[in-house]
Amino acid sequence: MKTANVCCYPAMLHFLAKIACLIFFLLVYCEFLIYYFVLLGCSWPQLSKIDQDFSARPPNDPYRKPLHVMFIADTHLLGSREGHWLDKLRREWQMYRSFQSARFLFEPNVIFFLGDLTDEGKWCSDHEWEKTVRRFNSLFSVPTSTKLYALAGNHDIGFHYDVSDGRLERFEQSFQAPHVRLITIHDDDINFILINSMAFEGDQCRLCARAEKELNEIVNELHRSGLATKPVFLSHFPLYRESDANCSVWRQSSLSQSTRHKERYDVLSREASDNLLKKIKPRLVFTAHTHNFCYTEHTDIKGKVIPEWTVPSFSWRNRDDPSLMLLSITTNNERVSHCRLPRESTVFWSYGIGAFLLIFYILFGGRRPLGWFAFCFLRKRIKL
């Protein structure tokens, strides 16, 4: 009997070590590995010669690798006003792991954040804004070989009627984001035009007048350069569409498809959209704001189709199934991929199933289940 008592505790420690290892594996899978497993189902889209735009200038080197661009939208980093601290921790960990896993697997050349980087930028103080910007830079850190650019969203600076000079200036300083910006990838001669959506109301206010002036200067600069390659146009607000009913939709509720969009709130106005398309003459358009995926097409005055992709939110706080988008592009060819991230519900189910199996193993697994150890412990206590 003494031998049995002596052997009871080492066996129990061995059993508890097994339980600790299983718990550790469950945590590693749900908090690290699942992001890689899901993202491995996505890859950079392969360009096809069939899709080439022969009206554009071909690259000098026909074997040059395409430029790889990643698009992320609506991260909505929480502040002190909205959300519980645990909600903030959970969402930011999800975005951190999603972003760093995607960056490691895909190694993009350029990353664009399409607005609403913060959730409370339109309310928070300068001190809290600085803290939020530091968190953003920590969560979405990139190596020096990767370029990162950001657009302003309505949650960052407010809607058009609520934009203040202070909030506008601090966003521009934090992310080097003027009203309109031209980014040229010199090695590839690929141009991106980024706009502040809230500055294109068309009401001739001081904000809009400055944005129109900057846009005209950039368009004239492109014309003077003589480049035949049309730019890629980026905006936080989508271009005008009545609703998402005509979108090529990916896993979206019928309610969101049928809801009519409000101009200057959900989408840019019809006049602003027509003006931007007429001036910029983009080859592609990428937008955000609705938190839902949408592919739609516009037509310019010559009847040429201009595709627009609305990128879904990157955060579990806005949808159960966040995602990002990848673009492979050359001067005369491009293709887009839509990449899913882990569902929040999938992670919860993984924890639930793992906990059930773990409890089952504790109660009934192994040669000596938990009841045997409980019996040893009680017998020892009774003798004492």
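Q: At which residues does UniProt place the feature "transmembrane region"?
A: This is a predicted model, in which local features need pLDDT of at least 70, side-chain atom pairs count only at pLDDT 80 or more, and totals for chains, interfaces and linings use all residues. Residues are numbered from 1 along each chain as its sequence is written, and side-chain values use heavy atoms, with hydrogens and water left out. In UniProt positions, given in the numbering used here and possibly inferred rather than shown by experiment, the unreviewed entry places the feature at residues 12-38 and 347-364.

Q: How are α2 and α3 oriented to each other?
A: Helices here are DSSP runs (H or I, at least four residues), numbered from the N terminus. Helix α2 (residues 85-106) packs with helix α3 (residues 126-139) at an angle of about 40°, their axes lying 9 Å apart. Angles under 35 degrees count as roughly parallel, over 145 as roughly antiparallel, 65 to 115 as roughly perpendicular and the rest as oblique, and α2 and α3 are therefore oblique.

Q: Is Glu31, which forms a salt bridge with Arg90, buried or exposed?
A: A salt bridge (a side-chain nitrogen of Lys or Arg within 4 Å of a carboxyl oxygen of Asp or Glu) joins Glu31 and Arg90 at 2.9 Å, N to O. The pair links distant parts of the chain, with Glu31 in helix α1 (residues 2-39) and Arg90 in helix α2, 59 residues apart. Relative accessible area is classed as buried under 20%, exposed over 50% and partly exposed in between (1.4 Å probe, protein chains only); because its relative accessibility is 11%, Glu31 counts as buried.

Definitions and conventions: Axes are lines fitted to C-alpha atoms, for helices over the stretch in contact, and angles run from 0 to 180 degrees between N-to-C directions. Helices (H or I, at least four residues) and strands (E, at least two) are DSSP runs, numbered from the N terminus.
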